[in-house]
Each structure stands twice: as C-alpha cells, then as structure tokens.
Amino acid sequence: MDLDLTAEQELVRDTLRQFALERIAPVAEELDRESRFPYELVAELAELGLMGLPIPEEYGGAGGDTVSYAIAIEELTRIDSSVAITVAAHTSLGTMPIYLFGTEEQKREWLPDLASGRKLAAFGLTEPGAGSDAGATRTTAELRDGQWVVNGSKIFITNAGTDISGCVTITARTGEDEISNIVVPNGTPGYEISAPMRKLGWKASDTRELAFRDCAVPEDNLLGPRGQGFHQFLEILDGGRISVGAMGVGLAQGAYDLAFAYAQEREQFGRPIAKFQAIQFKLADLATEIEAGRALVLKAAWLKDQGRPFAREAAMAKLYTGELSNRAVNWSLQIHGGYGFMDEYAISRLYRDQKILEIGEGTNEVQRLVIAKHLGL
Ligand SMILES: Cc1cc2nc3c(=O)[nH]c(=O)nc-3n(C[C@H](O)[C@H](O)[C@H](O)COP(=O)(O)OP(=O)(O)OC[C@H]3O[C@@H](n4cnc5c(N)ncnc54)[C@H](O)[C@@H]3O)c2cc1C
C-alpha cells in the first residue's frame, strides 16, 4: 500500500497552496465583504490549467486525476470557500455532465471553452419544490419541430449568472416518468437569470434562480439517451461529493491553521492560551480528525481513478468532512474568543462559509440515506 502522493500530485498541492496564499488570501475578505465574483482569480486559475483539471488534454483540460483535483479543491478551500466552490461547481457539476454523457460532437463544441476556463458551466438540478427529492423535478422540456421547449424554474444554481457563464445543464421532465439532461446556453431567449441571491456565506460565489419560459434549444442539446437524466444526475452527484468532501477537509484545515496560530499569540493569565490543556486537546482532536477526513476523501478519489465503485466512500467522505468542518470552525472561533466574532478575523468568514457543506450536493441526512442504501438497508 502506497500512501505517498505522486510527484505530479505534490506539484498540484504545492502550486495551489502557494497560489491560495499569495493571490487569494490578500483579497478574500474584501471579495466576501463586497459579495464580488472573483473574475481575476478565475482567469489566473484558468492560466494554471485549474478550470479543467480532470478533463483530458484533447478537450482542453489538464488531464489530471481525481486525487489531484481533490487536493486542489482542498488547498483552495483552506484559504477561501467562494473561490473553491466556483472551481468545484464548474468542474464537477457544470463540465462533467458534458464530458461524461455528451457525444463527441457536443464535447468538441463545449469542452474546450469550459476546460480552459474561458467560460463557466452550471448544473441546474434543484427546484423550489425539488431539493433532496431531486427526482421530483417539475421543469418540462417538450420536443416541438426539432427543438426542446423548456418551461420551469431552478433555484440556488452556482455559476449560472456570471459574465463568463456559458451554459447550464438542467434536468427536465421529457415525458411521463422520464427525466433528461439538456444543455441550455446562456443568452437563449426565454432563459432568465435572477439577480445574485444574498446569502450567509460563499458570498463571492455566484448563486442564482433560473426561469425558463418557452425557452427553445436545439434537439441536439440533449445529453445522452432521452430518459437517462435521473441516473446521470446521481452519477454527477457521486463525483461532486468528492470535491465537496475535499472542501470539508480544506475548511477544517484552514480553521485549524488559524486557531493554531492565534493560540500561540494570544496571552491570558500570563501565558499563551496554547499552553492550556483545554486548548491543546481541541487542536489535538482536530488534527486527528482532519487526517481521518483527508484519508476518506483521498480514498474515494483514488477509487474513482481506478475505475472502481466509489459512491459509498464519496458519501461517507462528504458526510464526515461536512460534520468535521462544523466542529472545526466552531472550535477555532471559540479559541479566538471575541476577536473571532469580528469581521477582521478570517475565522468569522470561514464560520459563515461552513454550514452549506452540510447541505449542498445532498444534506447530511441524504448522505446517511445513501450510505445506508449501500450497506444494504
Ligand atoms: C449556496 C448554494 C449553492 C447551491 N448550488 C447548487 C447548484 O449549483 N445546482 C443545484 O442543482 N443545486 C444547488 N444547490 C441546492 C442544494 O443542493 C440543495 O439546497 C440541497 O440539495 C437541499 O435541498 P433543499 O434546500 O430543497 O432542502 P430540502 O430537501 O427541503 O431539505 C430540508 C431538510 O429536510 C431534510 N430531509 C429532506 N428529505 C429527507 C429525508 N428523506 N429524510 C430525512 N431528512 C430529509 C433535509 O436533510 C434538510 O435538513 C445549492 C444550494 C446552496 C444553498
């Protein structure tokens, strides 16, 4: 058994660690405060080949493996979740459906722009009435004169409304008990995108409500066979959970880093608070759990890279690291005392950015349902 990273995976980790510290850390607080989308950082990440890391080079990606991708997302989240979710949603949710289910022609049409980061992609699954029960989608697509005419709405969709958003892949009902995935390009008449939604965290990321009113797209924009949309989105979510799991580890590590540093600096009762056993035990527990969480995420990523089943491990990784990141930001803020409650201290942003990791791409409860199913219950 070899637990060492390859030279390439180490290079990804070191490059992203440096990029996050030098380029993201200095602006993260301002982007969050102004709820401003990080266009400049996305362009720089695109230059580094990060906007299509696991997409093969022939389609404009970097041809990296899933382990490298998970490491990259962890390193970004360690410093800022908004940038990390922008990359993760674009890659795992926006680009992957086209890569996994598209025809050669569709891949050649869409992937070069997406994998190079010239355009961003979104995945529109959630609807006002269909969240955890994503199969309850009410958006319809009716085939009329060689076009899919889409009617309905989506909510909480990441990356759909930026200046560089190119398309959204949506799930739509294409018949009785039949769901299909259809690509809707931005700018299609009848496709309306709301103003950015105001939210607790991930403030610099783009989150929108989408409305489709007699929105007609070519018949060829169907992804894969008609009626396969349900299976397709489950597969997309399985892969997406590895990246959200990586976000959980990254956020926990980031919170730990802040608490570790603060505990050495802050003095009370005549000595650094790091000298108190109560503080040491919290940091010791966190360091231990972060190792465990990282191992779960990397195992799921490694299984995927081997072409082996990974859905159970991805759900476990996502559940465990979601709850771990909750403990991590909570304890880290506690170690910061009142200062942690102030906006000048990064932990307050990490604290707000955490909660969604227990909700997006399947809530903790949904992960437990998935795991229980894999256990044969
Ligand atoms: C910032 C943000 C970005 C997002 N980005 C995207 C995106 O890009 N694309 C996209 O499609 N979606 C996106 N989502 C949607 C996200 O995936 C959903 O919010 C999530 O799946 C939960 O759905 P819901 O919010 O409707 O909650 P609900 O499904 O209404 O759940 C409410 C509560 O009920 C619980 N519950 C529901 N069913 C069960 C059950 N059977 N057993 C036990 N408990 C249950 C849930 O666990 C939860 O605690 C995003 C959401 C947010 C907030």
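Colleague: Leaving aside its neighbours within four places in sequence, which residues is Glu358 in contact with?
Modeller: In this structure, which is a predicted model, Glu358 is found in the loop between H9 and helix H10 (364–374). Once the neighbours within four places in sequence are left aside, the residues in contact with Glu358 are Lys318, Gly322, Glu323, Asn326, Thr363 and Asn364.

Colleague: Does that leave Glu358 on one side or the other of the cut-off, that is, buried or exposed?
Modeller: A residue counts as buried when its relative accessible area is under 20%. The relative accessibility of Glu358 is 8%, and therefore this loop residue counts as buried.

Colleague: Turning to helix H1, how many Å apart are its end C-alpha atoms?
Modeller: Helix H1 runs over residues 7–33, and at 1.5 Å a residue its 27 residues should span 39 Å. The separation found in the model agrees with that expectation, since the end C-alpha atoms of H1 are apart by 37 Å.

Colleague: At which residue does H1 bend?
Modeller: The axis of H1 changes direction by about 55° at one place, and a proline, Pro26, follows that place within four residues. The residue at which H1 bends is Ile24.

Colleague: Which helices do the buried residues of H1 pack against?
Modeller: The buried residues of H1 are Gln9, Val12, Leu16, Phe19, Ala20, Ile24, Ala28, Leu31 and Asp32. An α-helix has 3.6 residues a turn, so residues three or four places apart point the same way. The packing partners of the buried residues in H1 are helix H2 (39–47), helix H3 (66–79), helix H4 (81–101) and helix H9 (346–354).

Colleague: Taking Leu16 as one case, which residues does it touch, not counting residues up to four places away in sequence?
Modeller: Leu16 is found in helix H1, and at 1% relative accessibility it counts as buried. Not counting residues up to four places away in sequence, the residues that Leu16 touches are Leu45, Leu50, Ala72, Glu75 and Leu76.

Colleague: How many residues of H3 are buried?
Modeller: H3 reaches 21 Å from its first C-alpha to its last, close to the 20 Å expected for its 14 residues at 1.5 Å a residue. This helix is mostly covered, and the count of buried residues in H3 is 13 of its 14.

Colleague: Which of the 16 residues around the ligand come nearest?
Modeller: Three polar side chains give a view of these surroundings, beginning with Thr126, where a polar side-chain atom lies 2.7 Å from a nitrogen atom of the ligand. A polar side-chain atom of Ser132 lies 2.6 Å from an oxygen atom of the ligand, and an N or O atom in the side chain of Thr363 is likewise 2.6 Å from an oxygen atom of the ligand. Taken alone, the ligand exposes 980 Å², of which the protein buries 63%. Of the 16 residues around the ligand, those that come nearest are Thr126, Ser132, Phe156, Thr363 and Glu365.

Colleague: Is Phe156 buried or exposed?
Modeller: Phe156 sits in strand S3 (residues 147–158), and its phi is positive, about 65°, although it is not a glycine. Exposed means over 50% relative accessible area. The value for Phe156 is 52%, so this residue counts as exposed.

Colleague: And Asn159, is it buried or exposed?
Modeller: Asn159 belongs to the loop between S3 and strand S4 (165–175), and it has a positive phi of about 70° without being a glycine. Its relative accessible area is 0%, and so Asn159 is buried.

Colleague: What separation is there between the C-alpha atoms of Thr158 and Ile85?
Modeller: Thr158 is found in strand S3 and is buried, with a relative accessible area of 15%. Residues up to four places away in sequence not being counted, Thr158 touches Ile85, Ala89, Ala121, Ala122 and Asp206. Although Thr158 and Ile85 are 73 residues apart along the chain, their C-alpha atoms are separated by 8.3 Å.

Colleague: Which residue has its backbone nitrogen 2.8 Å from a polar atom of the side chain of Ser180?
Modeller: Ser180 lies in strand S5 (residues 178–185) and counts as buried at 1% relative accessibility. The residues that Ser180 touches, not counting those up to four places away in sequence, include Ile170, Thr171, Leu222 and Arg226. The backbone nitrogen lying 2.8 Å from a polar side-chain atom of Ser180 is that of Gly227.

Definitions and conventions
Residues numbered from 1 in each chain as written. Predicted model: local features only at pLDDT ≥ 70, side-chain atom pairs only at ≥ 80, totals over all residues. Heavy atoms only, no water. Helix = DSSP H or I, 4+ residues; strand = E, 2+ residues; numbered from the N terminus. Expected span 1.5 Å × (residues − 1). Bend = angle between axes of the 7 residues up to and from the residue. Buried < 20%, exposed > 50% of the residue type's maximum accessible area, 1.4 Å probe, protein only. Contact = heavy atoms within 4.5 Å. Near = heavy atom within 4 Å. Polar contact = N/O pair within 3.5 Å; in protein donor to acceptor, adjacent residues only side chain to side chain. Areas by Shrake-Rupley, 256 points an atom, 1.4 Å probe, with all protein chains shown as cover.
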